[in-house]
Amino acid sequence: MKNPDAIVIGAGIVGASVALSLTNAGFKVLVIDRGAVSSGTTGAGEGNILVSDKDPGPELTLALRSRDLWFEMQDDVGDTFELEAKGGVVVARNDDGPLMILASEQSNHGVTIQKLDHTSLHELEPYLDQRYQSGVFYPQDSQCQPMLAAAHVIRTVVQRGGAFISQAKVTRILVNQGAVTGIETTQGNFSAPIIVNATGTWAGELAQMAGSHLPIAPRKGFILVTEPTKKYVFHKVYDSDYVANVASSDADLQTSTVVEGTRAGTILIGASRERVGFDGSMNYEILRRLAAQATSLFPVLRDVQLLRAYRGFRPYAPDHLPVIGEDATVKGLWHSAGHEGAGIGLAPGSAALITDAILGRESFMDGSAFSPARFEKVSL
Ligand SMILES: Cc1cc2nc3c(=O)[nH]c(=O)nc-3n(C[C@H](O)[C@H](O)[C@H](O)COP(=O)(O)OP(=O)(O)OC[C@H]3O[C@@H](n4cnc5c(N)ncnc54)[C@H](O)[C@@H]3O)c2cc1C
């Protein structure tokens, strides 16, 4: 493509969503990736689009809008990525006080909740361990197949006049007098006045190529996948401990299980969290822990075979918030990265925010909490 209006680096779900949003706003967009579509963390994501695990604040506001935008994206692109508003059920093993307080606070901020007693909980999830006494149902929690979503969204961008180049690694971001002019890649140079860095866990490297700085690090996670089985799990089900683990900045291992069925009949059991750099080695102790937590929620899963386990690296920022906005020092360089364990859920909302900011128009929320400038002096 000659003279794109904008180049999006990264063909994960975040880059795909930005590319579609800019295309629909009238931009001619070139998407570039060093691999194939979803060859980064999106290919390892579970597909949860959650509002239930967010505390009131900017991330929840973004998550609520983003969740609705997922359904608008489906209307735009077609029903091609298994999007389903299946709802989440959060249960508390012991004291349900903190869960009920969080649910009430979330409900004051636009989240739909339904508190569940023993009877209504087990009506929703008949195979859940009977020892669980109470929970909260979040009907807005949804699910998609993120790899299919990124692929179909990028295909739509190309159909609407954009372009996608795979296997092209960006090796330099070209900057002249404090503003981007283009990129150097293993497949040649490309010029554009707007470059969007949507490289997820690698966004810090890309920022560095432009002489800037973003403290993004990998936070590793494993997921287990069972054989296709009878429908034992009807919603996304997780223990309320999960919310504390997501918010933790501890580098050590945390496991708290989210269990959910897929349209294919498999059950996904995720996920662990640990900061061990890009060490991709298998850890059987983690797999054992995840399996044990899943069977303590659903004892019936003891008789279900595991098919496989896989892992990915979430893009972690020190304050657990995504980085969305123009670079603090380089004009025309925009970032949409660092979404950690929520990048699938937050992708369309982040894309809307960045498109509105590029166009200088008012957005659905104040995105200043996500500004790249907040990291000018922060290292990992
Ligand atoms: C185990 C696990 C479970 C998860 N579950 C969920 C979930 O249920 N819900 C949810 O919302 N999130 C989940 N996440 C997080 C989610 O997967 C990520 O936040 C999201 O995929 C990030 O998307 P992205 O597009 O920013 O990054 P990526 O998908 O990593 O895309 C970045 C792209 O940039 C490319 N790239 C990097 N460097 C260069 C370069 N120099 N030149 C060209 N291209 C480059 C890469 O090849 C890659 O394709 C999970 C993550 C893990 C690990």
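Which residue of strand 10 does Val175 stand opposite? In this predicted model, the residue facing Val175 is Val180. The two belong to a pair of antiparallel strands, strand 9 (residues 170-176) and strand 10 (residues 179-185), held together over six bridges. Two residues sit between these strands in the hairpin, and Gln177 there takes a positive phi near 50°.

Strand 9 is also a handy place to turn to the ligand, since a polar backbone atom of Val170 is found 2.9 Å from one of the ligand's nitrogen atoms. Two glycines make similar backbone approaches. Gly343 has a polar backbone atom 3.0 Å from an oxygen atom of the ligand, while for Gly345 a backbone N or O atom lies 2.8 Å from a ligand oxygen. On its own the ligand has 1,000 Å² of accessible area, and the protein covers 98% of that.

What kinds of residues make up the shell around the ligand? The split is 14 nonpolar, 16 polar and six charged. There are 36 residues around the ligand, and the ones that come nearest are Asp33, Thr41, Thr42, Asn48 and Glu340. Several elements of the fold chip in: helix 1 (13-24), strand 13 (217-226), strand 17 (306-316) and helix 9 (343-359) each provide at least two residues of the shell. Strand 17 gives the most, with four residues. The shell also draws on two domains, taking at least three residues from domain 1 (6-76 + 146-215 + 319-375) and at least three from domain 2 (88-139 + 217-316).

Next come the sheets. One of them is open and built from six strands, in the order 8-2-1-12-19-18, with mixed pairing. Strand 8 (163-165) and strand 18 (323-326) stand at its edges; each has a single partner strand, so one side of each is left without a neighbour in the sheet. From one strand to the next, the twist in this six-stranded sheet averages 20°. The partner of strand 8 in the order given is strand 2, and strand 2 (residues 29-32) runs parallel to strand 8, with three bridges between them. One bridge can be pinned down by name: Leu30 is partnered with Ala163 in strand 8.

Another open sheet has eight strands, ordered 5-6-4-14-15-16-13-17, and its pairing is mixed as well. Which strands stand at its edges? Strand 5 (114-116) and strand 17 do, and since each has a single partner strand, one side of each is left without a neighbour in the sheet. The twist here averages 20° from one strand to the next. Strand 17 therefore turns up in two roles, as an edge strand with one side lacking a sheet neighbour and as the element that gives the most residues to the shell around the ligand.

Within the eight-stranded sheet, strand 15 (residues 254-261) and strand 16 run antiparallel and are joined by six bridges. Thr255 faces Ser272 of strand 16 across this pairing. Strand 16 (residues 267-273) also contains Ala271, and the peptide bond leading from Gly270 to Ala271 is cis, with omega near -10°.

A further backbone detail lies in a loop. Where is Glu82 placed? Glu82 belongs to the loop between helix 2 (58-77) and strand 4 (88-91). Its phi is near 55°, a positive value in a residue other than glycine.

Terms used:
Residues numbered from 1 in each chain as written. Predicted model: local features only at pLDDT ≥ 70, side-chain atom pairs only at ≥ 80, totals over all residues. Heavy atoms only, no water. Near = heavy atom within 4 Å. Polar contact = N/O pair within 3.5 Å; in protein donor to acceptor, adjacent residues only side chain to side chain. Areas by Shrake-Rupley, 256 points an atom, 1.4 Å probe, with all protein chains shown as cover. Nonpolar A, V, L, I, M, F, W, Y, C, P; charged D, E, K, R; others polar. Domains from an automatic or database assignment. Pairing = 2+ DSSP bridges. Axes fitted to C-alpha atoms, helices over the stretch in contact; angles between N-to-C directions.
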